[in-house]
Amino acid sequence: MKNIYGKTLEDLEEYFLSIGEKKFKAIQVYEWIYKKRCNSFDEMSNIKKEVIQKLKQDFSMSRIKLVKKQIGNDTKKYLFELEDGNKIEAVLMLHDYGNSLCISTQVGCNMNCSFCESGRLKKQRNLEVHEMVVQILEVERLENIRISHVVLMGIGEPFDNYENVIKFIHIINSGKGIDIGARHITVSTSGIIPKIKEFIKDGKQVNLAVSLHAPNDELRSKIMPVNKAYPLKKLMAALDQYIKETNRRVTFEYIMIKDVNDAEKCAYELSKLLKGKNCYVNLIPYNETSHIEYQRSPKENILKFYDILKKNKINVTIRREFGGNVSAACGQLRANS
Ligand code: SAH
């Protein structure tokens, strides 16, 4: 049986036509699900009994189960269990501009980045579209809030689950659904070039972030094996194309790891690599985890790094520290449980 939360409005319109009903029923169903937040087909009181019966036969409305919740200062972290028993995480960050939810896109991850907890569990499978949608619905229900921003930076590589991710974005962006503005959605990738090119063609107005973490191939390949397949020169060329064709800025994430990528030399190299690009760099203090030896860069290294980029006219910010006390870095809650 298909899960209703994985269906676009257009899918449902097609469905209703196929069972000999008017297509506007799709909008009614969407309103029940996403505006009135009903929990069962029986609540859809303006839809006739036999159609409800049919819906019940063809679709499930099952969600995900909360297994564990960790509360920090302005962060909450959720461990969810999927129907097949696999576990994933979502992280809620309360900002002054709204509530941002970081969601997972896969069970495990195959990117194998040396600093990341998620990759310690190999990818078991991709998340289905509905499994991404319900992360938002479930957190909204649990906290009685609305999510205004969604970042695809939880467990998994979004561009290794490309089709489902694009469909997910389409669903949450729909004005008849959760209605999260494209500019409030950010996809983060470790740099899978063919998918970046597909993403350009798809023309979605969502933000693109790239996990860079090193300014040269030697170091990047060491900490991010994906760089061997998609080295920096080609990655930068693809991103130049993205910037040119979409007229949008790229965000580069750079986690600051002590004695690995935080030397002044790295900052100069990074400035050179990014010179003149429509981009900005987010310096992220590394979140230490018990299973991996890396340490967070000392504050003075981060500030020095920041200054060098600034002096070289690169747009740069230091990420306000989120989630340090709730093991909020990618995959940590799952790994600890
Ligand atoms: N696979 C995608 C998205 C998931 S990871 C990607 O690579 O972009 C989301 C971000 O968290 C990435 O930038 C990743 O490098 C970073 N990250 C992973 N472990 C971290 C840790 N311990 N501390 C800080 N950031 C971490």
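Reader: How far apart do the C-alpha centres of domain 1 and domain 2 lie?
Author: They lie 34 Å apart. Bear in mind that this is a predicted model. The domain assignment puts residues 2–60 in domain 1 and residues 65–328 in domain 2.

Reader: How many residues does each domain bring to the contact?
Author: Domain 1 gives 13 residues and domain 2 gives 16. They count because heavy atoms there come within 4.5 Å. About 1,300 Å² is buried between domain 1 and domain 2, with carbon and sulfur atoms giving 60% of that area. On the domain 1 side, Tyr5, Tyr34 and Arg37 supply 39% of what domain 1 buries against domain 2, more than any other three residues.

Reader: Why is the link between glutamate 140 and arginine 37 called a salt bridge?
Author: The cut-off is 4 Å between a side-chain nitrogen of Lys or Arg and a carboxyl oxygen of Asp or Glu. The closest N and O atoms of glutamate 140 and arginine 37 are 2.4 Å apart, so the pair qualifies. Between domain 1 and domain 2 the count is two salt bridges. Six residue pairs are also in polar contact across that interface.

Reader: Which helix gives the most to the side of domain 1 that touches domain 2?
Author: That's α2, with four residues. Both α1 (9–18) and α2 (25–35) supply at least two residues each to that side. By class, the side has five nonpolar, three polar and five charged residues.

Reader: What makes glutamate 143 and lysine 76 a salt bridge?
Author: Same kind of test: the limit is 4 Å, and their closest N and O atoms are 3.1 Å apart, so they pass. Glutamate 143 sits in helix α4 (residues 129–143) and lysine 76 in strand β4 (residues 75–81), so the pair ties together parts that are 67 residues apart in sequence. The whole structure has 20 salt bridges.

Reader: How many aromatic pairs does the structure hold?
Author: Ten. One of them joins tyrosine 15 and phenylalanine 59.

Reader: Why is the pair of tyrosine 15 and phenylalanine 59 called edge-to-face?
Author: Rings pair if their centres lie within 6.5 Å, and planes over 60 degrees apart count as edge-to-face. Here the rings are 4.8 Å centre to centre with 70° between the planes, so both conditions are met. Tyrosine 15 is in helix α1 and phenylalanine 59 in strand β2 (residues 59–60), 44 residues apart, and the pair links distant parts of the chain.

Definitions and conventions
Residues numbered from 1 in each chain as written. Predicted model: local features only at pLDDT ≥ 70, side-chain atom pairs only at ≥ 80, totals over all residues. Heavy atoms only, no water. Domains from an automatic or database assignment. Buried area = accessible area lost by both parts, 1.4 Å probe. Polar contact = N/O pair within 3.5 Å; in protein donor to acceptor, adjacent residues only side chain to side chain. Nonpolar A, V, L, I, M, F, W, Y, C, P; charged D, E, K, R; others polar. Phe/Tyr/Trp six-rings, centres within 6.5 Å; stacked < 30°, edge-to-face > 60°.
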